[in-house]
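Trainee: Could you take me through one charged spot in this protein, slowly, and show me what surrounds it? I'd like to see how it sits in the fold.

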Amino acid sequence: MIDGKFSDPRGGTAVGVRITAGADQSQIVGRNDDGTLSVCLTCDHAGSPAANDELITLLASRLGVARDKIDIVAGHNQPDKILTIEGITTEDAEAKLGLG
């Protein structure tokens, strides 16, 4: 993420995400003040492998990309993560996530 915006690395998109765990349902809430994507997940701990899996499943579904096209490149054990998503432009990702 550069200056609070998504970016386009290697023919895809990179995005910062902040996870809140313990929600009743998994959902993308919007953007935080720092530009990161705010996501609520049903898992117990935002830095757990279950949270990572739930996040990738949610984003793949909303973006219409395969799960293997989404990688967590930083923050595997933290609530703040950086992801890369191959095969989708920044503009398409923001539109599909309701951020455009």
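**A charged pair and its sheet**

Mentor: Start with D80, which counts as partly exposed because its relative accessibility is 40% (buried is under 20% relative accessible area, exposed is over 50%, and partly exposed is in between, using a 1.4 Å probe and protein chains only). Bear in mind that this is a predicted model, where local features need pLDDT of at least 70 and side-chain atom pairs count only at pLDDT 80 or more, while totals for chains, interfaces and linings use all residues. Residues are numbered from 1 along each chain as its sequence is written, and side-chain values use heavy atoms, with hydrogens and water left out.

Now look across from D80: its side chain meets that of R18 in a salt bridge, 2.7 Å from N to O (the term needs a side-chain nitrogen of Lys or Arg within 4 Å of a carboxyl oxygen of Asp or Glu). Since R18 lies in strand β1 and D80 in strand β5, the pair ties together parts that are 62 residues apart in sequence. (Strands are DSSP runs of E with at least two residues, helices are runs of H or I with at least four, and both are numbered from the N terminus.) R18 has 30% relative accessibility, so it counts as partly exposed.

What about the two strands themselves? β1 (residues 12-20) and β5 (residues 80-86) are antiparallel partners with seven bridges (strands pair if DSSP finds at least two bridges between them). In that pairing, G16 faces I82 of β5. β1 is mostly covered, with seven of its nine residues buried. It also pairs with β3, this time in the parallel sense over four bridges, and there I19 stands opposite V39.

Zoom out a little and you see an open sheet of five strands, ordered β2-β3-β1-β5-β4, with mixed pairing. Its edges are β2 (27-31) and β4 (70-74), each of which pairs on one side only. β2 runs antiparallel to β3 (residues 37-40), joined by four bridges, and I28 has V39 as its bridge partner.

V39 is worth a pause. Leaving aside neighbours within four places in sequence, V39 contacts V17, R18, I19, T20, Q27, I28, L55 and L58 (contact means heavy atoms within 4.5 Å). That list includes R18, the arginine of our pair. V39 is also, with L37 and L59, among the residues with the most contacts inside the largest nonpolar core, which has 25 residues (such a core is a set of buried Ala, Val, Leu, Ile, Met, Phe, Trp, Tyr and Cys residues joined through side-chain atoms within 4.5 Å). Two or more core residues come from each of β1, β3, α1 (49-63), β4 and β5, and α1 gives the most, with seven.

Back to charges: the whole structure has four salt bridges. E94 and R31 form one, with the closest N and O atoms 2.6 Å apart. It links helix α2 (residues 90-96), home of E94, to R31 in strand β2, 63 residues away. At 16% relative accessibility E94 counts as buried, while R31, at 32%, is partly exposed.

In another, D53 meets R67, again with the closest N and O atoms at 2.6 Å. D53 is in helix α1 and R67 in the loop between α1 and β4, 14 residues apart. Both count as partly exposed, D53 at 41% and R67 at 39%. And our starting pair has company: salt bridges that share partners join R18, D34 and D80 into one network.
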